[in-house]
Amino acid sequence: MQIIKYKWENFHPVLIVNNGNIGKIRLFETNINFSIGKKRCIGSFVKGSYKECPKNTEIKFGYHCNECRLGDDFFLCVQCDGSECINKKRRQDCEEEQYFIYLAAFDSLLKVGISLDRRIIERLVEQGADFGAKIAVVKDGKTARLIEQKIKNDLDVADRIFGEDKYKRLFCDPNRAAAALYKAIVKIRDSDVSQYLIYPEIFDMRKHYKLQNVTIHPDSMDIDSGTKINGKAIAAKGNIVIFQNDTGPFAINAHRLIGREIEVNV
């Protein structure tokens, strides 16, 4: 069995697995007991359908071998910075889509990003943001990326937050998060992207993570071949999942499970 994706579905963290057929492991309140194996290419998604890696390639980094990376519908779009379209097969659809630019607060740490309107709440939950602010609307994904990068540079904020930073900021000071968002929004109003701004819509995401179940900061568990994960998932914040077992709480970065073969222990 291989883990090919980690996602939030209806505000529940889920592992998507391939064992000849595609299945799901819902994590909240589920007892997990499995051993981690090798990391292999997860294949690709083409026209909405999953395609297995033809060579079942073992990999060290990322989620795809080169062949599947180039065949995936959206991999190249993730690399886009707006300077030049590198995924021509999606250019026409991208031009017609309407995107929202948002700020996400991880305690006092801010990130700028873009999302389709129908996915913005899901996107903030996937990332584990404490608060989110919808700040601008733009037609055409390429233009949206340009403005995203402009805001990133003007505010000196990130466009990507890594798992280690999320783990360190597991518990949020809402006052610090709100102050960081307010300061950033005021600064953007005086910038040359102000024509795209909308009245900010603020979202408090903390209720989705079940962190009230976690009384101390959990230890962090590394994921590698031979690692055993045994416990009940009691909380999750984005890709940081907290398990509880007889030895206490521990946290893993679920993105590091993607591509891994797993063996379920009975």
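Here is a quick tour of this chain, from its overall build down to single side-chain pairs.

What you have is a predicted model: local features need pLDDT of at least 70, side-chain atom pairs count only at pLDDT 80 or more, and totals for chains, interfaces and linings use all residues. Residues are numbered from 1 along each chain as its sequence is written, and side-chain values use heavy atoms, with hydrogens and water left out.

**Overall build**

- The chain has seven helices and 15 strands; these are DSSP runs numbered from the N terminus, with helices being H or I over at least four residues and strands E over at least two.
- For 266 residues, a compact globule would have a radius of gyration near 18 Å, and the chain's 19 Å agrees with that. (The radius is taken over C-alpha atoms, and the globule rule is 2.2 Å times the number of residues to the power 0.38.)
- Along its principal axes, the C-alpha trace spans about 60 × 45 × 25 Å.
- Of the 266 residues, 49% count as buried. Buried means under 20% relative accessible area, exposed means over 50%, and partly exposed is in between (1.4 Å probe, protein chains only).
- Look at the contacts (heavy atoms within 4.5 Å) with a separation of 6 or more: residues 24 or more positions apart account for 64% of them.

**The nonpolar cores**

- A nonpolar core is a set of buried Ala, Val, Leu, Ile, Met, Phe, Trp, Tyr and Cys residues joined through side-chain atoms within 4.5 Å.
- The largest one has 48 residues, and Tyr6, Ile229, Val241 and Ile242 touch the most other members.
- Elements giving two or more residues to this core include β1, β4, β7, α4 and β13 (240-245). The largest share, five residues, comes from β12.
- Leaving aside residues up to four places away in sequence, Ile229 touches a whole crowd, among them Ile32, Phe34, Met221, Phe243 and Phe250.
- There is also a second, separate core of 27 residues, which includes Leu155, Ala177, Ile188 and Val193.

**Helix α4**

- Which residues of helix α4 (residues 120-127) are buried? They are Ile120, Leu124, Val125, Glu126 and Gln127.
- Those buried residues pack against β1 (2-9), β7 (98-106), β8 (109-116), β9 (131-139), α6 (163-168) and β10 (197-204).
- Right after α4 comes Gly128, with a positive phi near 80 degrees.

**Aromatic rings**

- The structure holds four aromatic pairs. Rings of Phe, Tyr and Trp (its six-membered ring) pair if their centres lie within 6.5 Å; planes under 30 degrees apart count as stacked, over 60 as edge-to-face and the rest as tilted.
- Trp8 and Tyr209 make an edge-to-face pair, 6.0 Å centre to centre with 75 degrees between the planes. This pair links distant parts of the chain, 201 residues apart: Trp8 is in strand β1, while Tyr209 is in the loop between β10 and β11 (219-220).
- Both Trp8 and Tyr209 are buried.
- Why does the pair of Phe243 and Phe250 count as stacked? Their ring centres are 5.5 Å apart and their planes are at 20 degrees, so the pair is stacked.
- Phe243 and Phe250 are buried too.
- Trp8, Phe28 and Tyr209 form one aromatic cluster.
- Charges get in on the act as well: a charge sits over a ring if NZ of Lys or CZ of Arg is within 6 Å of the ring centre and within 35 degrees of the ring normal. Lys5 lies over the face of Phe45, 5.6 Å from the ring centre, and the charged end of Lys134 sits over the ring of Phe100, 4.3 Å from its centre.

**Salt bridges**

- A search of the whole structure finds 21 salt bridges, each being a side-chain nitrogen of Lys or Arg within 4 Å of a carboxyl oxygen of Asp or Glu.
- Lys24 bridges to Glu9, with the closest N and O atoms 2.9 Å apart. Lys24 is in strand β3 (residues 22-26) and Glu9 in strand β1, 15 residues apart.
- Are these two buried or exposed? Lys24 is exposed at 54% relative accessible area, whereas Glu9 counts as buried at 18%.
- Glu164 and Lys168 meet in a salt bridge at 3.5 Å, N to O. They are four residues apart in helix α6, which separates them by about one helical turn, and both are exposed.
- Finally, Arg119, Glu122, Arg123 and Glu126 are linked in a network of salt bridges.
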